[in-house]
Amino acid sequence: MTPTPTPTPTPSNASLEGLDRDGHVTGLGFDRLLYGEAGEVASLEGHLAKCARCAATLASMRADDASLVIPLPTAAVRAAVSPRARARRVAVTFGGMVALAAAALLVVRPFEPDASNLPSDGFRARGGGFVDLTVHVHDGKSSRTVQSGAKVKPGDKARFELLLARGGFVMVVGMDDSADPYACWPQEEDPAAVYLPASDVPVVLPTAIEFDESAGAEHIFALWCEYPFHLGDLSPAMTASLFALIATPPPGCSLARVDLQKVGP
Amino acid sequence: MTNAGPAPALDVGALYRRYYPMVARRVRQFVRAGEVEEVTHDVFLRVMERAHQFRAESSPVTWLYRMTTNHCLNLIRDMKTRRSLIEQFGPTAWPATHREDPEIRVFVHDAWRSLDPELANIGIYFYLDGMTQAEIGTLLGYSERTITSRINALEDALRRLDQRR
């Protein structure tokens, strides 16, 4: 690849008026308007008030940006932006094998939550931040929405519903008494958190899990972070923190939690 | 999850989340739809490599815009299957500004590829983005006078190429 010389100075916006030679807003000018730098370019605001073409272009670009689902970064980008890469002091992480083994047991056909049994706010686990979690359980006959403390049985299936006050990277993680985290959603080896936009309407996740035979506690967490992360990023210390009675999310994250009690059939 | 440690000077993760749509839109002007995501990721890798060049008081929008343009121009110049900019971009990808200008036609068909990379870069901003000399100067960190001089050189080169056709 032929390198293009890059001048040393980083541009300020001292003389960026944002208008092209025909007097319409440039592509860069539109970007500055869309990304909150319009205050520096009053000429653009003035032009938009008079130019229907540019006003329409701006509206179209704004709609395009709002509807674009930002893809997860590639591994290379993720390696640079995720906490795992920024902090090289991860002594031990939960490997993909644990996640894969758990996920292989857990992937089950999802069920439709009972429409007549929509969760009230009382069934929604508040994240204290940007994510709320609702858990639907299906016992083979019907589904119900459960709160923390509810009893479930081996073979019951669970499906999850999220409500996000702010867009972010989200994963639903389960943990039993062994404190080994397993991926409830997305279900894959060392899953990456998925970016979901903010929404006023709860989102029912597409996959379900099935509870195994071991009795004991099952803790379900919806973990929201403002940055991408993987299940493997959950360090033992973090897991212990989640497992504690009062779970503490890492910086830049919030979580919602539902604690279930698995009893014999 | 572990703490991130000392905050980096430039939070590329935050840039990615906030400016991905903007960068992808610029990339879309240079590559085909199926290549946009990959190239956009490549731009952010370049952003990480160059993060030290960013000054906190500067505009992330202009910095990313310039870096994206540089990256895409380098990318398409090195593509094995060489196409004209018009084929590359499609006829509607760029504003109509000066599209009928003979110099632009020469530029977008082949000249951009044989020009000095810096001139080609300036040509993109001038002919296809329609920016003023002052705007290009600010964007690239040169004086308006320098840009005017480069554009004069660019126009001379394009005229010579046009006469040879």
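# A tour starting at helix α7 of chain B

Begin by selecting α7(B) and colouring its buried residues, which are B:Gln133, B:Glu135, B:Ile136, B:Gly137, B:Thr138, B:Leu139 and B:Leu140. A residue is called buried if 20 or more other C-beta atoms lie within 10 Å of its own, exposed if there are 12 or fewer, and partly exposed in between, with the C-beta atoms placed from the backbone. The model on screen is a predicted one, in which local features need pLDDT of at least 70 and side-chain atom pairs count only at pLDDT 80 or more, whereas totals for chains, interfaces and linings use all residues. Residues are numbered from 1 along each chain as its sequence is written, while chains are lettered from A and ligands numbered from 1 in the order in which they are written.

**Around α7(B)**

The helix spans residues 133-140 and is mostly covered, since seven of its eight residues are buried. Helices (H or I, at least four residues) and strands (E, at least two) are DSSP runs, numbered from the N terminus. Now show α3 (60-77), α6 (117-128) and α8 (144-164) of chain B, which are among what covers the buried residues of α7(B); contact here requires C-beta atoms, placed from the backbone, within 7 Å of each other. Just after the helix, select B:Gly141, which takes a positive phi of about 80°.

From here, move to B:Thr148, whose place is in helix α8 of chain B. B:Thr148 is partly exposed, with 15 other C-beta atoms within 10 Å. A distance drawn from its C-alpha to that of B:Gly137 should read 8.8 Å, although the two are 11 residues apart in sequence.

**Chain B as a whole**

Zoom out to chain B, which has eight helices and zero strands. Of its 165 residues, 44% are buried. Among contacts in chain B with a separation of 6 or more, 64% are between residues 24 or more positions apart.

**Two partners of α1(B)**

Next select α1 (residues 12-28) and α3 of chain B, whose axes come within 10 Å and cross at roughly 45°; axes are lines fitted to C-alpha atoms, for helices over the stretch in contact, and angles run from 0 to 180 degrees between N-to-C directions. Angles under 35 degrees count as roughly parallel, over 145 as roughly antiparallel, 65 to 115 as roughly perpendicular and the rest as oblique, and α1(B) and α3(B) are therefore oblique to each other. Their crossing is right-handed, meaning that the near helix is turned clockwise from the far one by less than a right angle, whereas an anticlockwise turn would be left-handed. To display the contact, include B:Leu15, B:Val23 and B:Val27 from α1(B), and B:Val61, B:Leu64 and B:Cys72 from α3(B).

Keep α1(B) on screen and add α2 (residues 36-49) of chain B, which packs against α1(B) at an angle of about 130°, with the axes 9 Å apart. That angle makes α1(B) oblique to α2(B), and here too α1(B) passes in a right-handed crossing. Residues making the contact include B:Tyr16, B:Tyr20 and B:Val23 of α1(B), and B:Val39, B:Val43 and B:Phe44 of α2(B).

**The nonpolar cores**

Now select B:Val23, B:Leu64, B:Phe107 and B:Ile136, which have the most contacts inside the largest nonpolar core, a set of 52 residues. Such a core consists of buried Ala, Val, Leu, Ile, Met, Phe, Trp, Tyr and Cys residues joined through C-beta atoms within 7 Å. Leaving aside neighbours within four places in sequence, B:Phe107 is in contact with B:Trp112, B:Gly123, B:Tyr127 and B:Leu158. A second, separate core of 39 residues includes A:Val146, A:Trp185, A:Ala192 and A:Phe229.

**Strands of chain A**

Turn to chain A and find the open sheet of four strands in the order β2-β1-β4-β8, with antiparallel pairing; two strands pair if DSSP finds at least two bridges between them. β2 (143-146) and β8 (203-210) stand at the edges, each with a single partner strand, so one side of each is left without a neighbour in the sheet. The twist averages 30° from one strand to the next. Four bridges join β1 (residues 131-138) to β2(A), where A:Val135 stands opposite A:Val146.

Finish at β5 (residues 168-176) of chain A, where eight of the nine residues are buried. This strand runs antiparallel to β9 (residues 216-225), with eight bridges, and to β7 (residues 194-196), with three. At A:Phe169, look for the bridge partners A:Cys225 in β9(A) and A:Tyr195 in β7(A). β5(A) also pairs in the antiparallel sense with β6 (residues 181-185) over four bridges, and there A:Val173 has A:Ala183 as its partner.

Key:
Two residues are in contact if their C-beta atoms, placed from the backbone, lie within 7 Å.
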